[in-house]
Amino acid sequence: MLNAVEAQGVRLTAQRRALIETIQEAKSHLDAASLLELARKRDPKIDRATVYRTLELLKRLGMIDELDLMHLNGEKHYYEVKTQKDHLHLACFNCGEIEEFTSPTFERLKREIADKNEFDIKVMRLEVGGLCKRCAARKPVLQ
C-alpha cells in the first residue's frame, strides 16, 4: 500500500508511513482509537487528527474500506485494507469480535442479484450480528 500511495503523488511522512504499516499488518479490524494506539508504538508523536486525515486519504484513494458494523460499541467505525473479494462480516454483540466469511454461495447470490436486475455490482456488503462461538457458549441464547 505504501508504494501505491506514493504512486498517487502523496508525500509519505514518517507518521503516515507508521499508520499505513499498522493498517497493513493488522490482524483484525481497527477503529481509529485502536489504530492510534498501535501506531504510537511506532511513532509516539502521532496524533488523532493525523489518524483521521490519513484514513480519509486512504478511503479517497480506494485503498481501505470503512465499515459501520452493527453499531458495535456505539457508532464506532472500523477500517480494513480493501480486498479484491467481497466478504461478509460477523459481528459479536457481546465481545465485539469481527470475523470475515467468504463462500461460493455468497458469490452465487451476487451473480444472481446482478443477473436478475441487470445491475453491475461494484461492491456488496453484508453484516451479520449475533454471538460468536465463545460468547454463545457462556450466555443463554436471547430470543
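This is a short walk through a predicted model, from a group of packed helices to a three-stranded sheet and one loop residue.

**Stop 1: α2 and α4**

Begin by selecting helix α2, residues 14-25, together with helix α4, residues 48-60. Their axes come within 10 Å and cross at roughly 65 degrees. Angles of 65 to 115 degrees count as roughly perpendicular, and α2 and α4 are therefore roughly perpendicular to each other. Turn the view until you look through one helix onto the other, and check the hand of the crossing: it is right-handed for α2 and α4.

Now show side chains. On the α2 side, pick Q15, R16, L19, I20 and I23; on the α4 side, pick T50, V51, T54, L55, L57 and L58. These two groups meet each other. Colour them by class and you should find seven nonpolar, three polar and one charged residues in the contact of α2 with α4.

**Stop 2: A49, on α4**

While α4 is still on screen, click on A49, which lies in this helix. Is A49 buried, exposed or partly exposed? Its relative accessibility is 37%, so A49 counts as partly exposed. For a distance to try in your viewer, go from the C-alpha of A49 to the C-alpha of L36: the two are 9.8 Å apart in space and 13 residues apart in sequence.

**Stop 3: α2 and α3**

Keep α2 and add helix α3, residues 32-39. Here the axes are 9 Å apart and the packing angle is about 115 degrees. That makes α2 roughly perpendicular to α3. The crossing of α2 and α3 is right-handed.

Which residues of α2 meet α3? Select A18, L19, T22 and I23 in α2, and facing them L35, L38 and A39 in α3. By class, the contact of α2 with α3 holds six nonpolar residues, one polar residue and no charged ones. Take a second look at L19 and I23 in α2: they touch α3, and they are also among the residues that meet α4.

**Stop 4: the sheet**

Next, hide the helices and bring up the strands. Three of them form an open sheet with mixed pairing, in the order β5-β4-β6. The edge strands are β5, residues 98-101, and β6, each of which pairs on one side only. Neighbouring strands in this sheet are turned against each other by 25 degrees on average, direction ignored.

Select strand β4, residues 88-92, and follow it towards β6: the two run parallel and are joined by five bridges. For one example, click on C92 and look for its bridge partner G130 in β6. Then turn to the other neighbour of β4. β4 and β5 run antiparallel, with four bridges between them, and the bridge partner of H89 in β5 is E100.

Follow the chain round the hairpin of β4 and β5, where five residues sit between the strands. Stop at G96, whose phi is positive, near 85 degrees.

**Stop 5: E118**

Last, move to the loop between α5 (104-117) and β6 (126-130), where you will find E118. What sign does the phi of E118 have? The phi is positive, about 45 degrees, although E118 is not a glycine. Most residues other than glycine have a negative phi. Switch on a surface to finish: with a relative accessible area of 76%, E118 is exposed.

How values were computed: Residues are numbered from 1 along each chain as its sequence is written. This is a predicted model: local features need pLDDT of at least 70, side-chain atom pairs count only at pLDDT 80 or more; totals for chains, interfaces and linings use all residues. Side-chain values use heavy atoms; hydrogens and water are left out. Axes are lines fitted to C-alpha atoms, for helices over the stretch in contact, and angles run from 0 to 180 degrees between N-to-C directions. Angles under 35 degrees count as roughly parallel, over 145 as roughly antiparallel, 65 to 115 as roughly perpendicular and the rest as oblique. A crossing is left-handed if the near helix is turned anticlockwise from the far one by less than a right angle, and right-handed if clockwise. Contact means heavy atoms within 4.5 Å. Ala, Val, Leu, Ile, Met, Phe, Trp, Tyr, Cys and Pro count as nonpolar, Asp, Glu, Lys and Arg as charged, and the others, Gly among them, as polar. Buried means under 20% relative accessible area, exposed over 50%, partly exposed in between (1.4 Å probe, protein chains only). Two strands pair if DSSP finds at least two bridges between them.
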